[in-house]
Amino acid sequence: MKVALFSSQKYEKPFFNDAVSAYPNLDIAHFEHALSMETVSLASGYDAICVFVNDDVNACVLAELAELGVKFVALRCAGYNNVDIEAAHALGIQVVRVPAYSPEAVAEHCIALMLTLARKTHKAYNRVREENFDLNGLLGFNIHNKTVGIIGCGKIGQSLVSILNGFGAHTLVFDPNIGEGSYTKVSLQMLFEQSDIISLHCPLTDATHHLLNDEAFDIMKPGVMVINTSRGALIDTQACIKALKSKKIGYLGLDVYEQESELFFKDRSEDIIQDDDFIRLSGFPNVLITGHQGFFTKEALVEIASTTVENLNMLDCGEESPNSV
Ligand code: NAI
């Protein structure tokens, strides 16, 4: 099976080379380009493509892939909001994903954002490097005894609950599909009203698009901390900027951003960034942004590469993968 791997990054190549060495039937070519209508022709001559979070696998791209003879799409991530699944199925293209590579990696990154914002360690780091040991402006707060609202309590949400319970926080959860656990199940309205910290861990769907909007921010506690390590479009960026300006949001930690596909995973330090909303967001002193690195641990990369390669091997052998979408 010949596989065209799009959006290839230097950091992941050794992990894929290792994983594929056990499968002589798989031949993976790495392309740095993201998949789009402009780059889809690179898939000519390949049986499968392998894509990541910001590759655009829309209906037009899929039609072109089918035309080129591509039969399989292997996502090397969990979320699949960037793939038109219905269109893929209609074209007879099978889609597989990596459902869980390391939920703990994302949950721990989420905690890193929370603690950094709560204790202002990003500011302290810069101050101490300039021999400025003044503590004024660095006053923090404890996570202990705070109420943390978790929206979406699947694998990552559950892992976050365990960590937060260790901190002695009160965990509120809104998720229509889960039973009882070591958290308090509440309505979305109650979660918005009562949480000191709100963290998003649900998938991006039509129902969750702009889940945090003007109305949601209105009913939150003043000075609330909002963390999003899930998908950018769960938050309405314009509403979020308004809530930061009015001080309704006291702290914002983002690992994902609505328009991230134009920015993330590349060095843009010499570019003039055209996205004014991103520049506004990153200019707030109480906003911390990382570039979609929640998943980025050694453990997760080993799991991503091995599961992707196993998925591809099963498809090549004509077997049904348990990770089909
Ligand atoms: P999961 O599928 O295990 O859990 C998602 C949970 O969200 C489920 O329990 C589901 O019932 C719930 N849910 C669905 N619709 C909901 C709604 N309208 N309101 C509240 N809850 C709802 O997924 P997992 O592995 O925990 O991942 C969650 C999300 O994290 C993914 O969809 C992905 O977008 C994001 N992610 C981000 C990464 C990063 O590097 N920042 C890496 C991996 C995933």
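**Note on the predicted model: two sheets and their helix packing**

1. Span 111-294. The end C-alpha atoms of residues 111-294 lie 10 Å apart, and the span is 33% helix and 16% strand. This is a predicted model. The range comes from UniProt, where an unreviewed entry annotates residues 111-294 as "domain: D-isomer specific 2-hydroxyacid dehydrogenase NAD-binding".

2. Span 3-324. UniProt also lists residues 3-324, again in an unreviewed entry, as "domain: D-isomer specific 2-hydroxyacid dehydrogenase catalytic". In the model, this span is 34% helix and 15% strand. Its end C-alpha atoms are 17 Å apart.

3. The five-stranded sheet. This sheet is open, and its strand order is β2-β1-β3-β4-β5. The pairing is parallel. At the edges stand β2 (27-30) and β5 (94-96), each pairing on one side only. The average turn between neighbouring strands here is 20°, direction ignored.

4. Register of β1 and β2. Strand β1 covers residues 2-5 and pairs with β2 in the parallel sense over four bridges. One register point to check is K2, whose bridge partner in β2 is D27.

5. Helix α1 on that sheet. Residues 13-20 form α1, which lies across β1 and β2. Relative to β2, α1 runs at about 170°.

6. α1 against α11. Helix α1 also packs with helix α11 (residues 298-316). The angle is about 45°, and the axes are 9 Å apart. That makes the pair oblique. The crossing is right-handed. On the α1 side the contact uses F15, F16, A19 and V20. On the α11 side it uses K298, L301, V302, I304, A305, S306, T308 and V309. By class, this contact has nine nonpolar, two polar and one charged residues.

7. The seven-stranded sheet. The second sheet described here is also open, with the order β8-β7-β6-β9-β10-β11-β12 and parallel pairing. Its edges are β8 (184-185) and β12 (287-289). Each has a single partner strand, so one side of each is left without a neighbour in the sheet.

8. The β8 edge. Strand β7 (residues 170-174) pairs with β8 in the parallel sense over two bridges. L172 has T184 as its bridge partner in β8. Helix α6 (residues 155-167) packs on the sheet and touches β6 (147-151), β7 and β9 (197-200). The direction of α6 makes about 170° with that of β6. Helix α9 packs on the sheet too, touching β11 (249-254) and β12. The direction of α9 makes about 140° with that of β11.

9. S182 in the loop. S182 sits in the loop between β7 and β8. Leaving aside residues up to four places away in sequence, S182 touches V161, N165 and T171. S182 and S162 are 20 residues apart in sequence, yet 8.0 Å apart in space, C-alpha to C-alpha.

10. α4 against α6. Helix α4 (residues 103-119) packs with α6 at an angle of about 50°, and the axes are 8 Å apart. α4 and α6 are therefore oblique to each other. Their crossing is right-handed. From α4, the contact takes in P103, E104, V106, A107, E108, C110, I111, M114 and L115. From α6, the contact takes in K155, I156, S159, L160, I163, L164 and F167. The classes are 12 nonpolar, one polar and three charged residues.

11. α9 against α10. Helix α9 (residues 237-245) and helix α10 (residues 276-283) pack at an angle of about 30°, with axes 11 Å apart. The cut-off for roughly parallel is under 35 degrees. That makes α9 roughly parallel to α10. The crossing is left-handed. T237, Q238, C240, I241, L244 and K245 of α9 meet D277, R280 and L281 of α10. This contact divides into four nonpolar, two polar and three charged residues.

Technical notes. Residues are numbered from 1 along each chain as its sequence is written. This is a predicted model: local features need pLDDT of at least 70, side-chain atom pairs count only at pLDDT 80 or more; totals for chains, interfaces and linings use all residues. Side-chain values use heavy atoms; hydrogens and water are left out. Axes are lines fitted to C-alpha atoms, for helices over the stretch in contact, and angles run from 0 to 180 degrees between N-to-C directions. Angles under 35 degrees count as roughly parallel, over 145 as roughly antiparallel, 65 to 115 as roughly perpendicular and the rest as oblique. A crossing is left-handed if the near helix is turned anticlockwise from the far one by less than a right angle, and right-handed if clockwise. Contact means heavy atoms within 4.5 Å. Ala, Val, Leu, Ile, Met, Phe, Trp, Tyr, Cys and Pro count as nonpolar, Asp, Glu, Lys and Arg as charged, and the others, Gly among them, as polar. UniProt positions are given in the numbering used here, feature names are shortened, and annotations may be inferred rather than shown by experiment. Two strands pair if DSSP finds at least two bridges between them.
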